[in-house]
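Welcome! Let's take a walk through this structure together, starting at its ligand and then moving out along the chain.

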Amino acid sequence: MFPFRGVDYLDLDSLLSEQELMVRQTTRRFVEERVIPIIEQHNREARFPAHLIAEMAELGFYGANLHEYGCAGMSNVEYGLLMQELERGDSSLRSFCSVQGALVMYPILTFGSEDQKKRWLPRLQKGTAIGCFGLTEPDFGSNPGGMRTKAVQDGAGFVLNGEKTWITNGTIADVAVVWARLEGTIRGFLVERGRPGFSASDIHGKWSLRASVTSSLSFVDCRLPAESLLPGAGGLKSPLMCLTQARYGIGWGSVGAAMSCYDTARQYTVLRKQFADRPIASHQLVQAELAWMITEITKAQLLALHVGRLKDQGKADFSHISMLKRNNVWMALETARRSRDLLGANGITDEYPIFRHMCNLETVKTYEGTHNIHTLIIGEKVTGVAAYT
Ligand SMILES: Cc1cc2nc3c(=O)[nH]c(=O)nc-3n(C[C@H](O)[C@H](O)[C@H](O)COP(=O)(O)OP(=O)(O)OC[C@H]3O[C@@H](n4cnc5c(N)ncnc54)[C@H](O)[C@@H]3O)c2cc1C
């Protein structure tokens with residue numbers, strides 16, 4: 001296959017600034033040189049490419065759209081392009097950056113005390129500390145508001161009991177942002193690795209996000225000091241605000257995965273010959289698939305860019321981001337499935353990136369609010385009627 005040169009049917013690059021193009025190019029080069037050569041092996045071995053943590057930190061990837069405490073202070077469009085390119089490499093790396101930035105650094109910056117910010121943000125930004133975000137529980141996925149994990153005041157500190165599962169980076173994290181009920185209200189706590197009563201174990205046997213660490217967290221009479229509480233967080237709205245940040249990045253990242261699949265399929269169909277020594281790209285049914293994909297990718301690019309511009313103007317709300325996440329992940333998964341089909345038998349091997357993206361996107365469809373949940377968020381927005389229960 002030829003090196004990736006981007007997918008831009010409508011000259012959308014003309015809508016991007018020099019700075020935005022530079023961020024995209026820097027990330028694209030990193031992915032070409034450092035991710036593409038190693039990712040299939042890591043995926044095969046279900047091993048996170050931890051050696052890239054420091055390199056990604058040096059490029060400013062963690063908390064890239066946050067300001068101060070060493071963060072790169074990128075615009076939301078620059079950050080989106082970064083996420084797009086990273087997920088063209090693999091959803092695992094984009095997930096790592098999403099968790100580190102949107103789900104760990106963002107809540108510390110938004111809800112944390114000055115001491116918490118000073119202690120954690122520079123280290124998280126440099127990748128010398130890793131974070132995870134514990135919201136989901138075994139019995140509460142789409143409905144995190146039902147959570148049972150509980151904190152009880154104990155002198156000046158707290159005692160935490162409960163279980164979290166499907167937690168990205170759980171066993172490699174130095175600090176976990178854990179959501180628990182305190183006197184009935186959902187609050188956020190920073191729980192450091194090694195605290196007595198806190199343990200983490202990995203979930204194995206995944207066919208998706210294989211190059212990502214996914215874990216369960218357990219808290220048994222885990223004593224926390226007073227300063228572990230995020231003072232500014234209160235109620236379900238707080239973790240949902242974090243999810244809005246992460247979902248925004250996913251809305252862009254999924255376009256990157258789709259671009260990889262489409263570009264692979266396009267190149268393959270031009271080279272592969274069947275019937276009268278003609279490339280399969282010469283058949284109308286094959287062209288119809290490619291036409292569908294490039295049209296949907298282009299629509300998704302426009303949606304991402306517009307929501308990004310709205311976010312930069314402070315005008316994007318969670319329901320806009322639900323539409324972005326829901327549409328673009330659906331589009332990417334559908335593009336991956338159609339691309340896989342165009343490669344025939346070759347499409348099922350890891351000689352090509354498509355099947356890996358397709359499997360990854362099954363997770364991306366489920367986490368950060370499932371496709372159905374985003375349907376209900378959009379439905380509530382346009383009708384004023386909530387239909388979750
Ligand atoms: C690899 C991976 C990494 C993850 N990382 C994290 C992480 O870092 N931190 C974290 O907290 N969580 C994480 N998650 C968990 C993820 O957010 C949840 O899996 C997700 O919220 C869905 O919950 P569930 O799996 O319990 O599915 P369920 O909530 O049981 O849903 C199952 C199905 O029922 C549907 N459904 C549920 N309720 C409704 C309804 N009211 N109407 C219509 N359909 C409905 C869903 O759409 C879905 O199709 C991760 C998950 C995976 C797979």
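## Around the ligand

The shell of residues around the ligand divides into eight nonpolar, nine polar and one charged. Please keep in mind as you look that this is a predicted model.

Which residues should you look for to begin with? Of the 18 residues around the ligand, the ones that come nearest are Thr136, Ser142, Trp166, Thr370 and Tyr388. Two of these names return when we turn to the nitrogen atoms of the ligand. Thr136 places a polar side-chain atom 2.7 Å from a ligand nitrogen. Tyr388 takes part through its backbone, with an N or O atom 2.8 Å from a nitrogen atom of the ligand. Phe133 also uses a backbone N or O atom, which lies 2.9 Å from a nitrogen of the ligand. On its own the ligand has 980 Å² of accessible area, and the protein covers 67% of it.

Now step back a little to see where the ligand is held. The ligand sits in the largest pocket. The elements that give two or more residues to the shell around it are β3 (157-168), α9 (354-366) and α10 (371-383). Of the elements, β3 gives the largest share, with three residues.

Finally, let's leave the ligand and look at the charged pairs. The structure holds 22 salt bridges. One of them joins Glu20 and Arg309, whose closest N and O atoms are 2.8 Å apart. This pair links distant parts of the chain: Glu20 belongs to helix α1 (residues 18-45) and Arg309 to helix α7 (residues 284-312), with their positions 289 residues apart in the numbering.

Key: Residues numbered from 1 in each chain as written. Predicted model: local features only at pLDDT ≥ 70, side-chain atom pairs only at ≥ 80, totals over all residues. Heavy atoms only, no water. Near = heavy atom within 4 Å. Polar contact = N/O pair within 3.5 Å; in protein donor to acceptor, adjacent residues only side chain to side chain. Areas by Shrake-Rupley, 256 points an atom, 1.4 Å probe, with all protein chains shown as cover. 1 Å grid on protein atoms, 1.4 Å probe; cavity = no way out; pocket = protein on both sides within 12 Å on 5 of 7 lines; lining within 4 Å. Sits in = over half its atoms within 2 Å of the grid points. Helix = DSSP H or I, 4+ residues; strand = E, 2+ residues; numbered from the N terminus. Nonpolar A, V, L, I, M, F, W, Y, C, P; charged D, E, K, R; others polar. Salt bridge = Lys/Arg side-chain N within 4 Å of Asp/Glu carboxyl O.
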